[in-house]
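Please look over the chain shown here before reading the points that follow. They take up its strands, helices, cysteines and backbone in turn.

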Amino acid sequence: MIIQTGQRTDIPAFYSQWLINRLKEGSVMVRNPFEPRSVTEYVLDPKEVDVIGFCTKDPSPMLPKLSALDEYRTYWHVTITPYGKDIEPNVPEVDSVLRSFRALSDRVGPQRMAWRYDPILLNDKYDISCHIREFSRMADALEGYTGVCIISFLDLYDKVKANFPEAGTVPREARLELGKALIEIAGEKGMTVRPCAEGNDLAQFGADCSGCMTKEIWQQAAGTKLKFPARKAMRTGCECFLSGDIGQYDTCGHLCRYCYANTSKERVLKNMRDHDPGSPLITGHLMPEDVVHRAPAESWAITQMDMFSRF
């Protein structure tokens, strides 16, 4: 099975010790965001977990703890964007994250690393020329440390509209102009650009528009073929396979204004105060009225027996 950690929060940045404790205990619990009394337990046995996927803006807290992941196969998405504290209040400085990216790549290998340059937004400060300049600088720093760069343009989800009311969508003409430039820069540094749920518009410039967390990518990370259970796409135009996320909404302390996972700063700060590294949940503890369901715990790796059973 695949365990995700980054669709709802940034676990490496804010809850790294909690994750290590969960790995030692052998399981983790997650509240259903739509039915809070319903809790799912995931077994974290390395024999059953085919890949753990990470998405983070700051992997540095995990770097001294990586030995706890030695028995697991991992794949890392690290987001590095050009925005300042006006957009990303608590994200470390770009140069710091670039150093952490390189250090992580040295440990796990560039084939298990993806650089996310998203979301792309445009305004007077962060215009097309700014993006091209900063992207080029980052690509220089990451050459040889990854072969993948994922890009996407800002989507105006309801939470984004509430927390970032002055934000706007990026016009198609600008997406094409900027996308073409970023693809060319990335290609010069040995990176393939994968647009995230952006359709096929950028394929004409050399982008791989098949998705950023596809079944093929997970299989490469697992080092074997996998038999995937049926899953619905998360959103229109998304070809990625997403499941088993152990994060919780409204817990990411970066407080990025474009974030779709946080409702408000106040809710995030409350949840972070309620965090207990010893709890099976990111925030709070199990309650008597909770109903715990254990997710199926089995490797999806295709064995020789599976192959022979087809004949």
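In this predicted model, strand E5, helix H3 (residues 94–108) and strand E6 form a β-α-β unit that is right-handed. A second right-handed β-α-β unit follows from E6, running over helix H4 (residues 128–142) to strand E7. E6 thus takes part in both units, and the points below begin with the sheet to which E5, E6 and E7 belong.

**The six-stranded sheet**

- Six strands make up an open sheet with parallel pairing, and their order across the sheet is E1-E4-E5-E6-E7-E8.
- The edges are formed by strand E1 (2–4) and strand E8 (192–195), each of which pairs on one side only.
- From one strand to the next, the twist of this sheet averages 20 degrees.
- Strands of a sheet pair through backbone hydrogen bonds, which may link them in a parallel or an antiparallel manner.

**Strand E6 and its two partners**

- On one side, E6 (residues 113–120) pairs with E5 (residues 74–79) in the parallel sense, over four bridges.
- Within the pairing of E5 and E6, Trp76 lies opposite Met113 of E6, while Val78 lies opposite Trp115 of E6.
- E6 also pairs with E7 (residues 148–153), again in the parallel sense and over four bridges.
- Trp115 has a bridge partner in E7 as well, namely Cys149, so that this tryptophan is placed between Val78 and Cys149.
- Because eight of the eight residues of E6 are buried, the strand is largely enclosed by the rest of the structure.
- Pro119 is also part of E6, and the peptide bond that leads into it from Asp118 is cis, with omega near 0 degrees.

**Helix H6 against the sheet**

- Helix H6 (residues 172–188) has 17 residues and should span 24 Å at 1.5 Å a residue, which agrees with the 24 Å between its end C-alpha atoms.
- The buried residues of H6 are Ala174, Leu176, Leu178, Gly179, Ala181, Leu182, Ile183, Ile185 and Ala186.
- These buried residues pack against strands E6, E7 and E8 and also against helix H4.
- As background to such a list, an α-helix has 3.6 residues a turn, so residues three or four places apart point the same way.
- Just after H6, Gly190 adopts a positive phi of about 75 degrees.

**The three-stranded sheet**

- A further open sheet consists of three strands in the order E2-E3-E9, and its pairing is mixed.
- Strand E2 (27–31) and strand E9 (291–294) each have a single partner strand and stand at the edges, so one side of each is left without a neighbour in the sheet.
- With direction ignored, neighbouring strands of this sheet are turned against each other by 30 degrees on average.
- E2 pairs with strand E3 (residues 38–43) in the antiparallel sense over five bridges, and the bridge partner of Ser27 in E3 is Val43.

**Cysteines**

- The count of disulfides in the model comes to zero.
- Cys209 is in no disulfide, since the nearest cysteine sulfur, that of Cys196, is 11 Å away.
- Cys209 is nevertheless buried, with a relative accessible area of 19%, which is under the 20% cut-off.
- For Cys259, the closest cysteine sulfur is that of Cys252 at 5.8 Å, which is too far for a bond.
- Cys259 also counts as buried, at 15% relative accessibility.

**Backbone angles to check**

- Most residues other than glycine have a negative phi, and most peptide bonds are trans.
- Ala197 is not a glycine, yet its phi is positive, at about 50 degrees.
- Ala197 is located in the loop between E8 and helix H7 (215–222), and at 26% relative accessibility it counts as partly exposed.
- Leu255, another residue other than glycine, has a positive phi near 55 degrees.
- The place of Leu255 is the loop between H7 and helix H8 (265–273), where, at 17% relative accessibility, Leu255 counts as buried.

How values were computed: Residues numbered from 1 in each chain as written. Predicted model: local features only at pLDDT ≥ 70, side-chain atom pairs only at ≥ 80, totals over all residues. Heavy atoms only, no water. Pairing = 2+ DSSP bridges. Helix = DSSP H or I, 4+ residues; strand = E, 2+ residues; numbered from the N terminus. Axes fitted to C-alpha atoms, helices over the stretch in contact; angles between N-to-C directions. Buried < 20%, exposed > 50% of the residue type's maximum accessible area, 1.4 Å probe, protein only. Right-handed = clockwise from strand over helix to strand, strands pointing away. Expected span 1.5 Å × (residues − 1). Contact = heavy atoms within 4.5 Å. Disulfide = S-S within 2.5 Å.
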